[in-house]
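Please open the structure in your viewer and keep the selection panel at hand, since each stop on this tour begins with something to select.

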Amino acid sequence: DVTQLRVGLGERSYDIVIGPGLLEEAGARIAALRAGARVGIVTDRNVAERHLGPVEASLRQAGLSPTAIVIEPGEKSKSFHVFEQVVDELLAARIERRDLVLALGGGVVGDLAGFAAAALRRGVDFVQAPTSLLAQVDSSVGGKTGINSRHGKNLVGAFHQPILVLADSLALDTLPLREFRAGYAEVAKYGLIDNAPFFGWLERRWQDVFGGGPARIEAIATSCASKAAVVARDEKETGDRALLNLGHTFGHALEAGAGFSQRLLHGEAVAIGMAQAFRFSARQGLCAAADAERVTAHLRTVGLPTRIADIPGELPDTDGLMELIAQDKKVSRGALTFLLARGIGESFIARDVEPAAVRTFLDSER
Ligand code: NAD
Ligand code: ZN
């Protein structure tokens, strides 16, 4: 019941392995690539409490030498300050060019540890062991690593592909339900972008995906394959990769409006953003109203928010949201670029969207 995908090109290709119990097999799988290496494990406190012990034991048993670096959980750790601490600790652990960094955790750990690996001694190989659903289906695939700056999120980083991704489907059993749901929004996104059969499958099987077992593994594998395919077409994000931003233009504005706080997780913002992208598309006459209703209904069924009103607390008014949308990086020369849809699985990049139409739509949404 282990699924394996080979992604990337030629020498830089690597395996994404998805299945139950992979954290306990991490040692054998990593030693097969780099016998005897020192391994700097970067993880956060929540993940360390639940999963670090077995990983360290597995590495030792396979003849590897692990050193654990445990950071505080949360987006705040994607900072220059924590980056410096992690790099210092990796150097203190004498991680050299032939050694490895292992990112054990969610997207925060993956982005930070991946960037530390990219910078350490001008580049040390790294392995991703993503432990959140979002990290398994999104952040561990594609090679983007980095940290935040006072000027914004993810503004400092590098493209650095892992040599192996180990996605342990059982590790998600300890993930808080709210975090699982937020990651599920990105899973649904892949169906909405270009895979209508997958979205239909999710409508029928989502409870099995939440419950664990083979359906969960299948959903993760399909998601990774979708992202890998888009990334392979467009690694440095000049064109097609923008499709992965479905729901993210409205979503980012809402996240920013909520102050990037626990009030609204990224995946929750994406859920609202995707529902809005479909409702906006329907209103523009691009897609059937029934499709927009189907998207909203499914996201609501799994417990995700789909409307601005679902966000607790105050949010900026339409003018404020328009300003936040305009600040988003996907805006070029005044015109708004949105990911819109002609139907489920038929998303496309719409340039030159009229700001006035967006404003009218947002007003109608409140
Ligand atoms: P996260 O890493 O903060 O994890 C969410 C929470 O779950 C944290 O509190 C973490 O400690 C906890 N956690 C993780 N795994 C757990 C487990 N198995 N059991 C119990 N608790 C667990 O956040 P995330 O949602 O995984 O990732 C978000 C980050 O990913 C953001 O910084 C975002 O910018 C980044 N991201 C990067 C890319 C990329 O391409 N590099 C893509 C999407 C998102
Ligand atoms: Zn996202």
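The tour goes from the ligand to a strand and its partners, then to a helix, and ends with some single residues.

Bear in mind throughout that the model shown here is predicted.

**The ligand and its shell**

Begin by selecting ligand 1 together with the residues around it, a shell of 30 residues in which Asn46, Gly106, Gly107, Ser132 and Ser139 are the closest. If you then colour by secondary structure, you will find that the elements giving two or more residues to this shell are α2 (45-61), α4 (107-119), α5 (133-139) and β8 (152-159). Colouring the shell around ligand 1 by residue class instead shows nine nonpolar, twelve polar and nine charged residues.

**Strand β5 and its partners**

Next, select residues 100-105, which form strand β5, a mostly covered strand in which six of the six residues are buried. To one partner, strand β3 (residues 38-44), β5 is joined by five bridges, and the two strands run parallel; as a landmark for this pairing, show Ile41, which stands opposite Leu102 of β5. To another partner, strand β6 (residues 125-130), β5 is joined by six bridges, again in a parallel arrangement, and here you can show Val101 with its bridge partner Phe126 in β6. Now add helix α4 to the selection and follow the chain, for β5, α4 and β6 together make a right-handed β-α-β unit.

**Helix α11**

Move on to residues 289-301, the 13 residues of helix α11, and draw a distance between the C-alpha atoms at its two ends: they are 18 Å apart, which agrees with the 18 Å that the helix should span at 1.5 Å a residue. Which residues of α11 are buried? Select Asp291, Ala292, Val295, Thr296, His298 and Leu299, which are the buried ones, and turn the view until you look down the helix axis; from there the buried residues of α11 fall within an arc of 165 degrees, so they line one face of the helix. On the other side of α11, highlight Ala290, Ala297 and Thr301, which are exposed.

**Two exposed positions**

Select Leu177, whose place is in helix α6 (residues 177-194), and which counts as exposed because it has 9 C-beta neighbours inside 10 Å, where the cut-off for an exposed residue is 12 or fewer. Add Gly303 to the view: although Leu177 and Gly303 are 126 residues apart along the chain, their C-alpha atoms are separated by 9.8 Å.

Then go to Glu354, in the loop between β12 (347-353) and α13 (355-365), which with 11 C-beta neighbours inside 10 Å also counts as exposed. Pair Glu354 with Ala225, at 129 residues along the chain, and the C-alpha atoms prove to be separated by 34 Å.

**Two residues with positive phi**

For the last stop, consider the backbone angles, remembering that most residues other than glycine have a negative phi. Select Arg121 in the loop between α4 and β6, where phi is positive at about 50 degrees although the residue is not a glycine; Arg121 is partly exposed, with 13 other C-beta atoms within 10 Å. Finish with Asp352, which lies in strand β12 and, while not a glycine, has a positive phi near 60 degrees. Asp352 is exposed, with 11 other C-beta atoms within 10 Å.

Terms used:
Residues numbered from 1 in each chain as written. Chains lettered and ligands numbered in written order. Predicted model: local features only at pLDDT ≥ 70, side-chain atom pairs only at ≥ 80, totals over all residues. Near = placed C-beta within 6 Å. Helix = DSSP H or I, 4+ residues; strand = E, 2+ residues; numbered from the N terminus. Nonpolar A, V, L, I, M, F, W, Y, C, P; charged D, E, K, R; others polar. Buried ≥ 20, exposed ≤ 12 C-beta atoms within 10 Å, placed from the backbone. Pairing = 2+ DSSP bridges. Right-handed = clockwise from strand over helix to strand, strands pointing away. Expected span 1.5 Å × (residues − 1). Arc of directions from axis to C-beta.
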